[in-house]
Amino acid sequence: SYTLRRAATGEEAVVEAGGSMLAVLRGLGAKVNASCEGGICGACEVRWVEGTPIHRDRVLSPERRKTHLMACVAQCASSHLVVEG
Ligand code: FES
């Protein structure tokens, strides 16, 4: 598990191992679009600013992954992850 924080509000919530970052973000009030929920459509892109995301999508370029993730499939290798949005 890891702690997810919204940079916009400072609010945090725990994402259980294998859990959905998208669902937790929405639970924190973030308005994140989603469509495929399988890492292929690009709808749920979120900018991340701190931590070590594990990318499981098939849409982001290596360069884009340095600043963005797909919240429907991304996991996290660090204990904290901070995202915008
Ligand atoms: Fe399609 Fe996340 S909802 S990539």
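What share of the 85 residues of the chain counts as buried? The figure is 26%, where buried asks for 20 or more other C-beta atoms, placed from the backbone, within 10 Å of a residue's own. Keep in mind that this is a predicted model, where local features need pLDDT of at least 70, side-chain atom pairs count only at pLDDT 80 or more, and totals for chains, interfaces and linings use all residues. Residue numbers start from 1 along each chain as its sequence is written.

Walking from the N terminus, you meet β-β-α-β-β-β-β-β, in other words one helix and seven strands. These are DSSP runs numbered from the N terminus: H or I over at least four residues for helices, E over at least two for strands. The radius of gyration is 11 Å, close to the 12 Å of the globule rule for 85 residues, so the chain is as compact as a globular protein of that length. That radius is taken over C-alpha atoms, and the rule is 2.2 Å times the number of residues to the power 0.38.

Now for the inside. The largest nonpolar core has 19 residues, a core being a set of buried Ala, Val, Leu, Ile, Met, Phe, Trp, Tyr and Cys residues joined through C-beta atoms within 7 Å. At least two core residues come from each of β1 (2-6), α1 (21-27), β3 (45-50), β5 (68-70) and β7 (80-83), and α1 gives the largest share, four residues.

Leu-4 is among the residues with the most contacts inside this core, along with Met-21, Met-70 and Ala-71. Leaving aside neighbours within four places in sequence, the contacts of Leu-4 (C-beta atoms, placed from the backbone, within 7 Å) include Met-21, Val-24, Leu-25, Leu-81 and Val-83.

Note on methods. A residue is buried if 20 or more other C-beta atoms lie within 10 Å of its own, exposed if 12 or fewer, and partly exposed in between; C-beta atoms are placed from the backbone. Two residues are in contact if their C-beta atoms, placed from the backbone, lie within 7 Å.
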